[in-house]
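User: Could you walk me through this protein model step by step? I'm new to reading structures.

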Amino acid sequence: MRSLLLINNQAMPVVPDQLDTAIGEPLPDRVLEANGYYILHARIEEQAMRQMGNADAIVLHIPLGDIKACFPKLSASRKLPIFWWCGASTSFLSAAFCEDDVPVDGILTPSMSERELHWALHFGSKQCIERQQWQSERKQLEARLEERKWIDMAKGILCDIKKVSEAEAYELLRKQAMNERKRLVDVATSIVKVYQLLQEQK
């Protein structure tokens with residue numbers, strides 16, 4: 001990992017560079033470049049989106065409160081590890097958000113050595129992969145729960161109309177899906193929607 005996209009926020013009430021420089025703290029791009037990383041710069045969303053294809057990771061030099069707003073678009077555009085630069089300015093402007101659930105894969109600080117930066121980026125990359133796997137598993141689980149909901153509703157309708165047991169209703173659904181060469185959930189959804197439509201017309 002050698003190419004890092006550094007995102008600064010121009011809209012911050014205190015310009016980070018000014019505060020960091022005022023107290024003698026090195027700026028993130030200087031620290032990272034001094035340790036062998038190639039830095040791409042972005043201050044607005046459009047610039048960040050254009051640069052992401054050339055980056056191995058994203059470093060956010062913005063307050064914690066601003067991360068939630070930009071995270072969904074950044075993570076949807078390309079699956080890159082996202083790090084927060086915890087320097088003088090960002091920590092100063094983030095005090096009110098320290099208890100928030102911030103979606104980043106790691107934290108970088110100005111005092112880190114080359115090895116510390118390397119390991120922070122390494123473990124953050126692993127965290128990013130785990131986060132993506134967890135999100136994928138969550139979506140699959142939510143989809144299965146949604147399918148189960150439609151199937152259970154359809155079974156309930158069939159039980160009521162045909163006066164059959166749940167097992168028999170499920171078997172009816174399964175046979176209908178096989179006959180129509182459709183997924184079970186698609187047949188169930190059709191039954192529920194037609195039934196609801198008929199109920200509304202009564």
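What follows is a set of questions and answers on this model, which is a predicted one.

User: Let's start broad. How many helices and strands are there in the chain?

Analyst: Reading from the N terminus, the elements run β-α-α-β-α-β-α-β-α-β-α-α-α. Tally the two kinds and you get 8 helices and 5 strands.

User: What share of the chain's residues count as buried?

Analyst: To call a residue buried, its relative accessible area has to be under 20%. The chain has 202 residues, and the share that passes this cut-off is 38%.

User: And what about the outside: how much of the accessible surface belongs to carbon and sulfur atoms?

Analyst: The accessible surface of the chain adds up to about 12,300 Å². The part of that surface belonging to carbon and sulfur atoms is 53%.

User: Which way do the residues of β1 point, and are they buried or exposed?

Analyst: Strand β1 covers residues 3-8. Ser3, Leu5 and Ile7 point one way, while Leu4, Leu6 and Asn8 point the other way. Whichever side you pick, the residues are buried, and the count for the strand is 6 of 6.

User: Which strands does β1 pair with, and in what sense?

Analyst: One partner is β2 (residues 38-42), joined to β1 over 5 bridges, with Leu5 standing opposite Leu40. Another is β3 (residues 57-61), also over 5 bridges; here Ile7 stands opposite Leu60, and Leu4 has Ala57 as its bridge partner. So β1 pairs with β2 and β3, and the sense is parallel.

User: Which strand, besides β1, pairs with β3?

Analyst: β3 itself is covered on both faces, with Ala57, Val59 and His61 on one side and Ile58 and Leu60 on the other. Val59 stands opposite Phe83. Phe83 belongs to the strand at residues 82-85, which pairs with β3 in the parallel sense over 3 bridges, and that strand is β4.

User: Now single residues. Why does Thr90 count as buried?

Analyst: Thr90 sits in helix α5, residues 88-92. Leaving aside neighbours within four places in sequence, Thr90 is in contact with His61, Ile62, Pro63, Trp84 and Trp85. Buried means under 20% relative accessible area, and Thr90 counts as buried because its value is 0%.

User: Which residue's backbone oxygen lies 2.7 Å from a polar atom of the side chain of Thr90?

Analyst: Look through the contacts of Thr90, which include Trp84 and Trp85. The backbone oxygen lying 2.7 Å from a polar atom of the Thr90 side chain is that of Trp85.

User: Which side chain makes a polar contact with the side chain of Asp105?

Analyst: Asp105 is in the loop between α5 and β5, and counts as buried at 8% relative accessibility. Not counting residues up to four places away in sequence, Asp105 touches several residues, among them Leu80, Gln127 and Arg131. The side chain joined to Asp105 by a polar contact of 2.8 Å is that of Arg131.

User: Is Ser111 buried or exposed, and how far apart are the C-alpha atoms of Ser111 and Val31?

Analyst: Ser111 is found in the loop between β5 and α6. Since exposed means over 50%, its 67% relative accessibility makes Ser111 exposed. Ser111 and Val31 are 80 residues apart along the chain, and their C-alpha atoms are separated by 8.7 Å.

User: What is the phi of Lys163 and of Arg181?

Analyst: Most residues other than glycine have a negative phi. Lys163 is in the loop between α6 and α7, and Arg181 is in the loop between α7 and α8. Both count as exposed, at 66% for Lys163 and 79% for Arg181. Neither is a glycine, yet phi is positive: about 55° for Lys163 and about 55° for Arg181.

User: Last one: over the face of which residue does Arg2 lie?

Analyst: For a charge to sit over a ring, one condition is that CZ of Arg is within 6 Å of the ring centre. Arg2 lies at 4.8 Å from the ring centre, and the residue is Tyr37.

Conventions. Residues numbered from 1 in each chain as written. Predicted model: local features only at pLDDT ≥ 70, side-chain atom pairs only at ≥ 80, totals over all residues. Heavy atoms only, no water. Helix = DSSP H or I, 4+ residues; strand = E, 2+ residues; numbered from the N terminus. Buried < 20%, exposed > 50% of the residue type's maximum accessible area, 1.4 Å probe, protein only. Polar contact = N/O pair within 3.5 Å; in protein donor to acceptor, adjacent residues only side chain to side chain. Contact = heavy atoms within 4.5 Å. Areas by Shrake-Rupley, 256 points an atom, 1.4 Å probe, with all protein chains shown as cover. Lys NZ or Arg CZ within 6 Å of the ring centre and 35° of its normal. Pairing = 2+ DSSP bridges.
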